[in-house]
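Biologist: Please take a close look at one chain of this model for me. I want the overall build, then the helices and the sheet, and a word on the partner chain.

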Amino acid sequence: MMTRRSWGVVAVVIAISAAAVSYFLASLRGSEPTPSAPSQGSDWVSAAAVIAAEEFDRLAGPWELALPADHGVHSEASTELWQVSAHLTDEDGLPVGVQFLLFRIGLAGPDAPPPTSSWEARELYRGHVVLIEAAGSTVVAQERFARGMAGLAGYEANLGELRLDTWSLEFPVQAVPGQWTLNTGPGDIRVELNLMPEKEPLRVDGNAFPFRGYAFSRLRAEGTLETQSGQRSVSGTAWFEHLWGELPIPGGSPVASDRLQVQLNDGSELSVVRSRRLDGAGTPTVEALLIDAEGTVVAFDDAAQLELARRWQGAEAAWPVDWELRLGDLQLSITPVMDAQEHDFMVSVWSGLVQAQGQHGDRPVSGLGTLQLTGYELMAGGAP
Amino acid sequence: MKQRIVIAGTVVTLAVAGLAIAWLGGFLPSLSGADPERHRSPTGEVPATEQRPGDPIAGYQALVNEPYVSCGMPYEAWRRLAPETDPGDLLPGREGRNAELPYFLTAHVNADGVEIVSNNCLVCHAARLGDEVVVGLSDTFADFTVDARSVVNQAGRYVRGPAQTAAWQHWADRIEGIAPYIRIGTIGMNPATNLSWALMTHRDPETMAWSDTPLLEPPSERPVPLRTPPWWWMGKKNAMFYTTIGRGDHSRYMLFASLLCADTVEELREIGVYAPDIRAYIESLAPPAFPGETDEALATEGRAVFEANCASCHGTYGESPRYPNLVISLDQIETDPLYATTMTDGSLDRFYEWVDRSPYGGTVRAAPAAGYIAPPLDGIWAVAPYLHNGSVPSLAALLDSRSRPRYWRHAETREYDAEAMGWRHEVLEAGKDAADDPAERVHIYDTTLPGYDNGGHYFGDALSEEERRAVIEYLKSL
């Protein structure tokens, strides 16, 4: 008998994407020190924590997901994240991955007096895009920072448009089941994807965690890649997540997490978070969710069996890029489409396109996914 | 090649010599005074032991305010993870931060100035009954099925700064040591016995120093399923726990609950100062009154049936109560033998010896009997599910073994069934194996699994249906 699990578990699993991603933000070095808070990871972490503590209240009270309004900015939240992970194939059937992320950090709480000048920064945005093409084994990435400002960075409610400079994610303003459009791309490359939800959103249980949000675990994705060598069609599926509140910022915390999202060809999706202590002690823990073709969620938590099968030595760390996974009667081997998907953002991170191959009961299954690995260069005494 | 063998041989010889010396010096704990009989009690009557006096009012204050479990997660992390406290989870008489925390948590500020939130005794020994917290009632719905390390890592994501990190690591290290041994397969079952063994595995009994690596052979990773008995029985019982393992000074035995975090003998001694007060408070507890109607005439009939058939083991109630403190042998009671057997087959004697070697060795003794105590029945209506393993969901089923379900689970809504006398439950067609969803599996009580058997205590089968109804009506008044 299957039952729907409370979304609390969903929340935990989703949260880690925020963790993994905000980790980059947390590691911006060279900014001004904040003497009031002891610096463990970086000063940005301390600064963010101080801002969050002083200006923002923990989100409380009842909350119902309301779309399209909830696609936009929640200025009452200290931190906010939008993330698209697209798992595509090109015209030759070769894997293509697109990762798009936007992170907002509030600098002034909801009770702050109105800004005295339009130049006064009320929020900061950090974004990145990664394009991976198995054909030619290319990985191109770019990250951007901006102050929140109309037309430059932020959300335009009447257009339903989330923007960071020339990158944008447009949500349908009128009808909820309309088409979304992602316009992004590293450097001169243009990526345009039309996204159409294929499942109902999963809602985060905001009572159990200091943040709220939702995930569309499967959107149909169609679009184009435009480079100097011409335009190519791509198609496949995407996964979208949007979270706001007190998101975990693990750059300053003693726990680091890895996140795996897989979209399988039987219509199901898999989300796995593996967390471990940075001091090298303790046993890593695993939280896993399987979302079947009908949208029913089964949480496996620590019943998931996960083995790190192989490491790849990058410039900064030995990243565990091959995973062997067993969740009930689902068994999957996770391998990267190429090993070199380490990104030289503010800290090094491995965030890449992976292939999944295995069995679900007696049926063979396969798919593409996104694996994010963080904190390995910080691990004491070698990574467990 | 030859040389290496010789070297290895030398090492072996030295090790053996070391053993011999240690033996002569009495340093090897497993060989010192190994007398299994010292760690066994006979079935039958449990003799009384004089207890240190205490002040029950001071005991309540200490119970709900003192940091006798001194490690936990930083308050800053807890505040982010936890929802707002349900007003129904607040307890009176709590001071400072504790006044706003749910009953099962206690806050204190550690030596580094970090505010720590820890579980207290009430995590297992209090429960919500309607809108109210009942101290002493064990939680039928307590969930020890998750890996405790998951909670540690979830909290760790919100830990900031060196002082908080150090406090979190201290707690995380201890949870790491015990987590494999305290995870149980069914909601409502309590792994506390195994928790004690796991803590003794990691602590030097003489200094209380913690060791990340086990100092003794660890206990089984499959804790025997147990239902936590209510505290208000302690006033009548001469020994603690189902097998009466807890002999001697109960207040000192209770100190073992502080072993998760107390790293020195001194810390235990400080807790020991107010432990007699907590014991006195526990023994002063009265059960909650049955909240429904009772049929007085039927209850009077039931009392006669009870006194003729049940009182010889469970005692009498009313104006001049009598409680015989009897351990019933496994042959006689026939309930699931796994717990009493593993406690008395020698497989846990190393932990009983640990107790002897601890600073409390002279005043407390771990000596289980090969049977189960016939408990007092005060407040028995609230104690469902029944038997030491909670395998029988209602008193009606306890008194008629033919109606005991093989597979069952508590209903989604927590509603008391005053007819059957137990929390509402569903009878299931199949056991845990048939459930695909792990989240569903932990709700299923499967009496075919080891330790979960629902047989035994067949004494009610010989009564007529009318007599059983009358006894149940009488039991409502206890």
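**Chain B, part by part**

Modeller: Chain B holds 17 helices and 15 strands. Bear in mind that this is a predicted model.

Start with the overall build. The C-alpha atoms of chain B fill a box of roughly 85 × 55 × 50 Å along the principal axes. The radius of gyration of chain B is 24 Å, which agrees with the value near 23 Å for a compact globule of 478 residues. Buried residues make up 48% of chain B. Now take the contacts in chain B with a separation of 6 or more: residues 24 or more positions apart account for 74% of them.

Next, a helix inside the chain. Helix α7(B) covers residues 192-202, and 10 of its 11 residues are buried. It is therefore largely enclosed by the rest of the structure. The buried residues are T193(B), N194(B), L195(B), S196(B), W197(B), A198(B), L199(B), M200(B), T201(B) and H202(B). What do they pack against? Their partners are α6 (161-178) and α14 (349-357) of chain B.

Now a helix crossing. Helix α10(B) spans residues 296-309 and helix α17(B) spans residues 465-475. Their axes come within 7 Å and cross at roughly 105°. That angle makes α10(B) roughly perpendicular to α17(B), because 65 to 115 degrees counts as roughly perpendicular. From α10(B), the contact draws on L298(B), A299(B), E301(B), G302(B), R303(B), V305(B) and F306(B). From α17(B) come E467(B), R469(B), A470(B), V471(B), E473(B) and Y474(B). Sorted by type, the residues of this contact are seven nonpolar, one polar and five charged.

A single residue comes next: Y60(B), in helix α2(B), residues 56-65. Y60(B) has 21 C-beta neighbours inside 10 Å, so it counts as buried; the cut-off is 20 or more. Set aside its neighbours within four places in sequence, and Y60(B) is in contact with G93(B) and Y281(B). G346(B) is 286 residues from Y60(B) along the chain, and their C-alpha atoms are separated by 37 Å.

Then the sheet. Three strands of chain B form an open sheet, in the order β1-β8-β10, with antiparallel pairing. The edges are β1 (44-45) and β10 (371-373) of chain B. Each edge strand has a single partner strand, so one side of each is left without a neighbour in the sheet. Strand β8(B), residues 326-329, runs antiparallel to β10(B) and is joined to it by three bridges. At this pairing, S329(B) stands opposite G371(B) in β10(B).

Last, the partner chain. Chain A has two helices and 22 strands. Of its 384 residues, 52% count as buried. Among contacts in chain A between residues at least 6 apart in sequence, 59% join residues at least 24 apart. One residue to look at is F211(A), in strand β11(A), residues 211-227. F211(A) is buried, because 25 other C-beta atoms lie within 10 Å. E80(A) is 131 residues from F211(A) along the chain, yet their C-alpha atoms are separated by 9.0 Å.

Terms used: Residues numbered from 1 in each chain as written. Chains lettered and ligands numbered in written order. Predicted model: local features only at pLDDT ≥ 70, side-chain atom pairs only at ≥ 80, totals over all residues. Axes fitted to C-alpha atoms, helices over the stretch in contact; angles between N-to-C directions. Helix = DSSP H or I, 4+ residues; strand = E, 2+ residues; numbered from the N terminus. Parallel < 35°, antiparallel > 145°, perpendicular 65-115°, else oblique. Contact = placed C-beta atoms within 7 Å. Nonpolar A, V, L, I, M, F, W, Y, C, P; charged D, E, K, R; others polar. Buried ≥ 20, exposed ≤ 12 C-beta atoms within 10 Å, placed from the backbone. Pairing = 2+ DSSP bridges. Rg over C-alpha atoms; globule rule 2.2 N^0.38 Å.
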